[in-house]
Amino acid sequence: MGIWQKEIITVLLLFTAVAIVGGLTGLFIPLLFILMLAIIMRQVVHISRFEKWISTGGRGKYPKTTGVWEEIYYHVYRIKKEEKRRKKKLSKMIDQFRQSTEALPDAAVVLGIHDEIDWANKAAREVFGLQASDKGQRIPNLIRYPDFIRYLKSGNYKESVILPSPVDHRMSLEVRIVPYGAGLRLLLAQDVTQLKKMERMRKDFVANVSHELRTPLTVLKGYLETLQDLDDGHSPLLTNSFLQMQGQTERMQHLVDDLLLLTRLETQQKKSHCVDVPALLSQICQEGDSLENESRRIELSLETNAHLIGDEQELRSAFTNLLGNALKYSPDDSVVKVRWQQSPKSIILAIEDQGEGIAKADIPRVTERFYRVETKRVKKVNGTGLGLAIVKHVLMRHDGHLDIRSELGKGSCFSCYFPMSRWCDENTTMVN
Ligand code: ADP
């Protein structure tokens, strides 16, 4: 028999007893009243005992009782026990998670919605110099580098940012923010000191070697020119050898110049002026035209008079490389179109040729250093494979990017996109 059925039967039996005794004695109403009062009082006592037990957290075994109330006590007790077990398991899991993140070699900091520190692991405390009392403090008050604050505020966490450690400035940290949950973020930092050191060594090595090669090359070139002047043309082998040597020294000089320019782009501070790009393009196109022996084949259209905030020398190198490529990799009788345009979001330089084009698979690779597409014609065209790497770097330094569209056999269009924040005109006054 179920517990509720038992309870109902007991109440019904009591009512029947009251009805019989009440009928015999003629005291039905007072007896009924007494019975109902007794039932209510019994429930009030149970409720009060239950309230007392639950208000102390339902700790320990529940008070001894019978019937439905025993059942209620048992269920609550069971739920509490289950909850306690789950809590224990969860706290064990959290402990394990904390221990593993504590042991991580990378720094990890959990940030709240107001950039406050919720939790930090051992590595984070070490590299950022955080202390237990910093919990709840806003991280921009503790890591005050402008680059970091800009990155934190930007909300764009696709890229990482490199910072010196606030406790040891010789240590370089690569900091990345990973958003998760509702407005929460995980800040991760990795020690990249060794990597940065090696990168610096590579840059120094390339810069030193290129610089040291300059003098012997100039000497070689000078002697070659003298020897060529002395050549009376009687020996075709000698004449041809001189020509070959001259071609190779020139090639080497271009290589050294390009490497030095790339090093400068990687290491030098940016200089910014308002550059008159339309005038610059007119000059570059004129120079390009004068290099072409037979015809003028560059079509320049200046659709905007927009100037750019940037470095004129760097922009000249980038634009010259792009125009040089368009002329180099297209037939002598084809047209190269140079357009300076403006859209609501960008200022664009598009250089379009009707040349051989680039295969789809090669397009993402042509801006890599020393990458040259292996075609029959390219082998004949002189180049260092560094031109587009220079273009990419210059654009990066001007907050721009390069877009390459090309189709084999039809031609290519190289577009440089600059953001409107780089826009200026002849009336703009630059404050450095
Ligand atoms: P390079 O000195 O070889 O021209 P770049 O870095 O300027 O070096 O270009 C890399 C490669 O991209 C070139 O070797 C060439 O294969 C390809 N390329 C660049 N511009 C063009 C173009 N306008 N048309 C076809 N191929 C091009």
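Contact here means heavy atoms within 4.5 Å. The model is predicted.

**Exercise 1. Place Gln246 and find what it touches.**

Step 1. Start with the element. Gln246 sits in helix 7, residues 236–267.

Step 2. Check its cover. Relative accessible area is 25% for Gln246. Buried means under 20% and exposed means over 50%. Gln246 is therefore partly exposed.

Step 3. List the contacts. Leaving out residues up to four places away in sequence, Gln246 touches Leu224 and Gln228.

Step 4. Compare sequence and space. Glu174 is 72 residues from Gln246 in sequence. From C-alpha to C-alpha, the two are 46 Å apart.

**Exercise 2. Describe the surroundings of the ligand, starting with the residues that come nearest.**

Step 1. Take the shell. It holds 20 residues. Those that come nearest are Asn325, Tyr329, Arg372, Thr384 and Leu388.

Step 2. Sort the shell by character. Ten residues are nonpolar, seven are polar and three are charged.

Step 3. Look for polar atoms of the backbone beside ligand oxygen. For Thr384, a polar backbone atom is 2.8 Å from an oxygen atom of the ligand. For Gly387, the distance from a polar backbone atom to a ligand oxygen is 3.2 Å. For Leu388, a backbone N or O atom is 2.8 Å from an oxygen atom of the ligand.

Step 4. Work out the cover. The ligand taken alone exposes 520 Å². The protein buries 98% of that area.

Step 5. Assign the shell to elements. Helix 9 (312–328), helix 11 (387–397) and strand 12 (411–419) each give two or more residues. Helix 9 gives the most, with three.

**Exercise 3. Which cysteines are joined in a disulfide, and which part of the chain does each come from?**

Step 1. Recall the bond. A disulfide is a covalent bond between the sulfur atoms of two cysteines.

Step 2. Search the whole structure. One disulfide turns up. Cys274 is joined to Cys424, with an S to S distance of 2.0 Å.

Step 3. Read the handedness. The torsion about the S-S bond of Cys274 and Cys424 is about 100°, so this disulfide is right-handed.

Step 4. Locate the ends. Cys274 is in strand 6 (residues 273–275), and Cys424 is in strand 13 (residues 423–424). They are 150 residues apart, so the pair links distant parts of the chain.

Step 5. Compare cover at the two ends. Cys274 is partly exposed at 23% relative accessible area. Cys424 is buried at 0%.

**Exercise 4. Why does Cys285 form no bond with the closest cysteine sulfur?**

Step 1. Find the closest partner. For Cys285 the closest cysteine sulfur is in Cys416, 13 Å away.

Step 2. Apply the cut-off. A disulfide needs sulfur atoms within 2.5 Å. Cys285 has no bond to Cys416 because 13 Å is too far.

Step 3. Add the cover. Cys285 is buried, at 5% relative accessibility.

Step 4. Repeat for Cys413. The nearest cysteine sulfur is again that of Cys416, at 9.6 Å, and Cys413 is in no disulfide. Cys413 is buried too, with a relative accessible area of 15%.

**Exercise 5. Is helix 11 largely enclosed or largely open?**

Step 1. Count the buried residues. Nine of the eleven residues of helix 11 are buried, so helix 11 is largely enclosed by the rest of the structure.

Step 2. Name them. The buried residues are Gly387, Leu388, Ala389, Ile390, Val391, His393, Val394, Leu395 and Arg397.

Step 3. Find the cover. It includes helix 7, helix 9, strand 11 (401–407) and strand 12.

Step 4. Take one residue from helix 9. Ser317 lies in that helix. Ser317 is buried, at 18% relative accessibility. Beyond four places in sequence, Ser317 touches Leu261 and Ile390.

**Exercise 6. Where do Phe370 and Asp399, each with a positive phi, sit in the chain?**

Step 1. Take Phe370. Its phi is near 65°, a positive value in a residue other than glycine. Phe370 is in the loop between strand 10 (346–353) and helix 10 (376–380).

Step 2. Take Asp399. Its phi is near 60°, also positive in a residue other than glycine. Asp399 comes just after helix 11, in the loop that runs between helix 11 and strand 11.

Step 3. Check both for cover. Phe370 is partly exposed at 46% relative accessibility. Asp399 is partly exposed, with a value of 46%.

Notes
Residues numbered from 1 in each chain as written. Predicted model: local features only at pLDDT ≥ 70, side-chain atom pairs only at ≥ 80, totals over all residues. Heavy atoms only, no water. Near = heavy atom within 4 Å. Polar contact = N/O pair within 3.5 Å; in protein donor to acceptor, adjacent residues only side chain to side chain. Areas by Shrake-Rupley, 256 points an atom, 1.4 Å probe, with all protein chains shown as cover. Helix = DSSP H or I, 4+ residues; strand = E, 2+ residues; numbered from the N terminus. Nonpolar A, V, L, I, M, F, W, Y, C, P; charged D, E, K, R; others polar. Buried < 20%, exposed > 50% of the residue type's maximum accessible area, 1.4 Å probe, protein only.
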